[in-house]
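Me: I'd like to learn how to read the inside of a protein model. Could you walk me through it?

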Amino acid sequence: MREITFSQATLEAMAEEMRRDSTVFILGEDIARQGGIFGQFKGLPQEFGYERVLDTPISETAIVGSAVGAALTGMRPVADMHFADFVTCAMDEIANQAAKIRYMFGGQARLPLVVRAPDGVIKSAAAQHSQSLEAWFVHVPGLKIVIPSTPYDAKGLLKAAIRDDDPVLYFEHKALFAMKGPVPEEEYIVPIGKADVKRPGRDVTCVTYSVMVHRALEAAEDLARDGIEVEVVDLRTLVPMDIDTVLQSVRKTKKVVVAHEACRRGGAGAEIAATIAEEAFDYLDAPVVRVGTMDVPVPFSPPLEARVVPRKKEIVEAVRRIV
Amino acid sequence: MPDRDTLIHIYTTMVRIRAFEEKVEELFLAGKIPGFVHLYIGEEGVASGVCASLDRSDYIVSTHRGHGHCIAKGASPRRMMAEILGKSTGYCKGKGGSMHIADFSVGMLGANGVVGGGFNIAVGAALSAKMRRSGQVAVCFFGDGASNRGTFHEAMNMASVFDLPCVFVCEHNQYASTTPSTYSVSVKDVADRAVGYGIPGVTVDGNDVLAVYEAAREAIARARQGGGPTLLEAKTYRIKGHFVGDPERYRDRSEVERWREKCPILRFEDRLRADGVLGDAEMEGIRSAAHQEILEAVSFAEESAYPDPDDAFSDLYASCAQGEGCGI
Ligand SMILES: Cc1ncc(C[n+]2csc(CCOP(=O)(O)OP(=O)(O)O)c2C)c(N)n1
Ligand SMILES: [Mg+2]
């Protein structure tokens with residue numbers, strides 16, 4: 001199969017969906033003329049015009065707010081946040097408006113809206129450009145949370161998100177954009193709400209998503225040399241969460257490490273661990289271990305950043321603690 | 001016309017900023033600076049002209065392009081450079097980097113990685129100054145792009161209705177990243193928006209440091225005397241890319257060259273020479289002192305140690321030294 005980057009995969013998803021449905025459009029900062037920080041929008045305005053690929057002023061509130069209004073009235077907007085950190089500037093529009101409108105108005109409305117948010121730690125971008133904020137939105141009923149780890153999943157899930165009739169937050173880790181992986185030429189969709197076992201194993205389950213999937217796979221490789229077989233479960237979407245796939249794995253391995261790059265406290269890992277405790281307590285042979293960024297803002301200086309952000313090593317250590 | 005000492009101070013500040021920024025660019029290209037940096041080259045007239053009328057105790061709130069604001073407000077280039085290199089002797093002990101330098105001891109309340117994140121912090125500093133009857137003024141630097149954030153509106157309105165000692169300084173450098181202001185800003189002059197808030201709006205040539213100085217002096221004096229906020233717009237140009245390494249596909253080199261000719265430092269030098277304030281030899285002396293100062297700042301920064309990795313856990317809460325160690 002041909003290999004393309006994560007960035008190209010999302011670009012193909014956008015183009016295919018825009019070709020298929022004329023109500024799909026995208027708006028955000030520096031996307032049309034510049035093509036996006038990661039080249040993820042390159043060529044879209046040439047094919048679809050500057051009306052469907054809209055460069056906006058620096059107005060995150062208006063970007064998401066107008067996407068909500070457009071979604072309510074027959075369009076399928078994709079709002080780009082530039083960096084996930086700036087969703088804070090559109091919190092009301094996401095949490096109070098998009099998430100609640102359908103329910104609050106008794107099911108009258110549909111909100112086919114996607115908010116794309118490049119997140120995570122990359123190259124000393126420091127405290128305001130390094131966050132992983134998915135847990136905030138997991139806590140808001142009414143939103144779907146998609147968070148892919150590979151070019152294949154990125155494409156299939158972005159297409160599914162655009163076709164979904166509910167507001168979807170689509171988190172894409174900045175360090176993944178340049179990563180290559182197999183993506184078929186033919187069209188496909190990855191359904192929202194289906195986890196994927198990225199590596200089978202019998203000894204420990206590592207439940208993870210986004211960039212940490214790759215760190216978990218590296219850790220599994222290392223541990224396999226010592227005869228420890230880690231099963232890597234990539235959740236791919238956090239809401240809805242495919243807890244059945246997780247539980248199936250846990251019943252087999254009886255030991256779990258939950259890993260994400262977002263900080264540990266109040267992270268999605270807490271929800272995952274709690275659900276496992278509720279649903280599979282009798283199967284567990286060890287406490288569930290969580291791996292996440294230390295509970296401080298991400299610091300700038302390389303030795304500080306390296307100290308707080310979990311990589312392969314932290315996952316290996318977590319696994320060793322329970323096997 | 002300001003007095004001779006003030007003129008020399010303004011010139012020296014501009015030259016120090018330029019020397020600092022040229023060195024930062026060089027170090028970044030040499031791979032010595034982590035993260036990313038936004039340079040102030042070409043815009044020195046704004047920070048230098050505005051801060052010349054501020055006291056040490058006055059406040060400024062800065063942006064992602066904040067090195068010039070820092071130097072103009074009296075921060076130390078040594079500790080700035082150390083911060084930019086991620087060293088423990090930096091202003092933020094390596095936690096912040098280029099985009100997050102602050103020096104609270106000189107009233108520099110912080111650069112900001114979030115565009116438009118500073119407006120209301122400035123409003124709060126002005127509110128506090130008013131409540132404490134301290135006579136301090138807060139200046140908020142922001143870009144043409146930032147003027148499109150919703151925070152702009154809330155800040156302007158509240159500063160106006162509360163009559164706060166706040167001066168909003170728009171550094172209209174024609175672009176927000178790749179987006180020209182002609183595309184994204186609803187008015188030609190951001191200062192026109194002042195009308196909507198019932199406050200004075202003034203547009204000046206930001207590359208004419210004396211024009212900036214005069215307008216800022218008046219606005220700062222008005223704020224200090226209880227006359228409320230001003231929206232001051234300085235038209236200028238970012239000579240370098242949005243960040244070091246920017247491929248700059250969104251503008252012609254000829255445009256950059258045209259603005260280079262309007263360099264605020266060269267223009268001010270012509271003026272100082274014509275008015276007999278400084279001769280070439282004196283200006284050369286000031287420039288070489290600035291270069292020397294920056295070279296020393298670099299040595300200081302390079303010789304400084306990186307922070308201990310465990311320092312990542314300090315400074316999170318005021319109530320305990322080590323965030324992780326105190327049960328939080
Ligand atoms: C809320 C927010 N949106 C987007 C960005 C990304 N960004 C960083 S600088 C910048 C352009 C800012 O333009 P302007 O305010 O004119 O300042 P300049 O860079 O020209 O000094 C953008 C879009 C950001 N940091 N924060
Ligand atoms: Mg600008």
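Reply: We'll go through the cores, then the cavities, then a few backbone details. This is a predicted model, where local features need pLDDT of at least 70, side-chain atom pairs count only at pLDDT 80 or more, and totals for chains, interfaces and linings use all residues. Residues are numbered from 1 along each chain as its sequence is written, chains are lettered from A and ligands numbered from 1 in the order in which they are written, and side-chain values use heavy atoms, with hydrogens and water left out.

Me: Which residues have the most contacts inside the largest nonpolar core?

Reply: A nonpolar core is a set of buried Ala, Val, Leu, Ile, Met, Phe, Trp, Tyr and Cys residues joined through side-chain atoms within 4.5 Å. Buried means under 20% relative accessible area, exposed over 50%, and partly exposed in between (1.4 Å probe, protein chains only). Here the largest core has 75 residues, and Tyr11(B), Val50(B), Met81(B), Val139(B) and Phe268(B) have the most contacts inside it. Helix α1 of chain B (residues 4-29) gives the most to this core, 12 residues; helices (H or I, at least four residues) and strands (E, at least two) are DSSP runs, numbered from the N terminus. Another core, of 55 residues, lies apart from it, with Ala13(A) and Leu176(A) among its members.

Me: What is Phe268(B) in contact with, beyond its neighbours within four places in sequence?

Reply: Contact means heavy atoms within 4.5 Å. The partners of Phe268(B) include Leu7(B), Ile10(B), Tyr11(B) and Val209(B).

Me: How many cavities of 30 Å³ or more does the structure hold?

Reply: Rolling a probe the size of a water molecule over the atoms shows where empty space is left. On a 1 Å grid over the protein atoms alone, a cavity is a set of points where a 1.4 Å probe fits but cannot get out, and lining residues have an atom within 4 Å of a point. Points are joined across faces, edges and corners, and a volume is the space filled by probe spheres set on them. There are four such cavities, and the largest has a volume of about 60 Å³. Its lining includes Asp119(A), His173(A) and Glu261(A), and β13(A) gives the most to it, three residues.

Me: Where does the backbone do something worth a look?

Reply: Val239(A) and Pro240(A) are joined by a cis peptide bond, with omega about -5°. Pro240(A) sits in the loop between β12 (237-239) and α9 (243-253) of chain A. In chain B, Arg133(B) is a residue other than glycine with a positive phi, near 50°, and at 74% relative accessibility Arg133(B) counts as exposed.

Conventions
On a 1 Å grid over the protein atoms alone, a cavity is a set of points where a 1.4 Å probe fits but cannot get out, and a pocket is an open set with protein on both sides within 12 Å along at least five of seven lines; lining residues have an atom within 4 Å of a point.
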